[in-house]
Amino acid sequence: MRGKDLFVASMGLLVFFPPAIGAGTYSGTALCGNDGDCFPGVPASNVAQTVPPFAVTHPLGYDGSPDGIRLNICLAKGSEAFSSALARAIATWNALVPTTGNCSGTGCSVGEETPPAATQMDAESVLLHELGHCALGLEHPERTWDAADDGFWEETSFTRSWDVAGPPEGIAVGPDFIRGTLDDSQLQTLGMIPNSVSWFRIQDNNPFAIDDTVIDNTTFSRSITANLPSGRNWAASANRRTGEQNGAAASQAVMYGLISLGERRRSLTADDVNMAKMALTGVDFSVGGGDDYTVELVLSCDDPVSILVSQANLANPQSAGQCIAGVDYSFAQNPFLARHFTLVAPPKNGGILFLTLNQNLDWDYGADPVFVSGFESGDTSEWSQVVPTITQGP
């Protein structure tokens, strides 16, 4: 029997305007889940279906085969100013290179901090984040929670989880007083351990570690009770303050759901790369199992277009960008594979996912690279003049 389509409003980066707000989950949720995990400002009584814990969301077109997936990303007319920033963001996701120190500009603020004053929004940072949603199926590593016990969910920097009790026993910061670190505690009602949604490194629970570790279910886990390293209470989140604790200064996951004006996050952290690579291991979550697949993002309006990038007035004026997408079971006839979901476009969208940027923001498009057209590929056909090769003299 075919499973019911599950549609998700996958909100993107939200701008830091005090008080800070935001939303998201690595597995993807609808507007308000039955686990008590909602977008900020949504009443707790507004229950909708969700993608379950331990699920993985795959890119548009995934069907379990080891074939490569190509996603054509088209920039709508009238938004040409974003072309160079979009090209750079696409190249970054295609490379999947982890970095540290990726946060610059006015600095990396977390949900509980007031960011520095600035006026412009960095286009490349927002596009990089939104492509993580629309192209890779990723979501935010942090969770919202009804911390004030007032029936509404607020942004926090705690690690994403499932079935957490309300305050005060649900989530508590540990002795280091830093949210999202390994000494936090999270509990369900009656003291049971909730589920972690984010994958963590079994070796050291460090979301910023960069080494040659293979990324699959032999080295990463979501099981707090079975695989968390000794002395740790919870999976660490890749926010800026946990980065400092792990020796990765000025580092914050691109997929972290809040950004301040003037802030730049133009390269991926290990956490961003690890979450993408876990999905690429396919059905068995194991590298080399025969069902691994690849994803290539291409800046092209050729048919079929997978993602259309444009500007518009957003329903939430504090949002820098958003990706509205649906999810459906990847294997509708196999209940044993129900933890695998594939991004789908709502029927009215004609098979295309919409990545929308807030047209009311003052955008910083970044410096255009030299020789944008054909420089990387060596195709000089569109250049007005071919510059001769210059050799260094004696």
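This report walks through a predicted model of one protein chain, from its overall make-up down to a few single residues.

## The big picture

Let's start with the whole chain. It has 394 residues, and 55% of them are buried. Running along it are 5 helices and 22 strands.

How do the parts of the chain meet? Take the contacts with a separation of 6 or more: 73% of these join residues 24 or more positions apart. As for the outside, the accessible surface comes to about 16,600 Å², and carbon and sulfur atoms account for 55% of that.

## Inside the core

In soluble globular proteins, nonpolar side chains tend to be buried together. In this model, the largest nonpolar core has 59 residues. Which of them touch the most other members? Those are Trp93, Leu127, Leu131, Leu297 and Val309.

Trp93 is a good one to click on. Leaving out residues up to four places away in sequence, Trp93 touches Leu128, Leu131, Gly132, Leu136, Leu138, Met255, Leu268, Asp272, Ala276 and Leu297. Apart from the largest core there is another one, made of 5 residues, including Ile224, Leu228, Trp234 and Ala235.

## A threonine with plenty of contacts

Now hop over to Thr342, which sits in strand S20, residues 340-344. Is Thr342 buried or exposed? Its relative accessibility is 7%, and buried means under 20%, so Thr342 counts as buried.

What surrounds Thr342? Setting aside neighbours within four places in sequence, Thr342 is in contact with His58, Pro59, Leu60, Gly61 and Tyr62, and also with Gly326, Val327, Asp328 and Ser330. With Tyr62 there is a particular link: the side chain of Thr342 reaches the backbone oxygen of Tyr62 at 3.0 Å.

## Odd spots in the loops

A few loops hold backbone details worth a look. Between strand S17 (295-299) and strand S18 (307-312) there is a loop that contains Pro304. The peptide bond leading from Asp303 to Pro304 is cis, with omega near 0 degrees.

Two other residues have a positive phi without being glycine: Asn205, with phi near 55 degrees, and Ala250, with phi near 50 degrees. Asn205 is in the loop between strand S13 (200-201) and strand S14 (220-221), while Ala250 is in the loop between helix H4 (240-245) and strand S15 (258-259). Which class of accessibility does each one fall into? Asn205, at 2% relative accessibility, counts as buried. Ala250, at 34%, counts as partly exposed.

How values were computed
Residues numbered from 1 in each chain as written. Predicted model: local features only at pLDDT ≥ 70, side-chain atom pairs only at ≥ 80, totals over all residues. Heavy atoms only, no water. Helix = DSSP H or I, 4+ residues; strand = E, 2+ residues; numbered from the N terminus. Buried < 20%, exposed > 50% of the residue type's maximum accessible area, 1.4 Å probe, protein only. Contact = heavy atoms within 4.5 Å. Areas by Shrake-Rupley, 256 points an atom, 1.4 Å probe, with all protein chains shown as cover. Core = buried A, V, L, I, M, F, W, Y, C linked by side-chain atoms within 4.5 Å. Polar contact = N/O pair within 3.5 Å; in protein donor to acceptor, adjacent residues only side chain to side chain.
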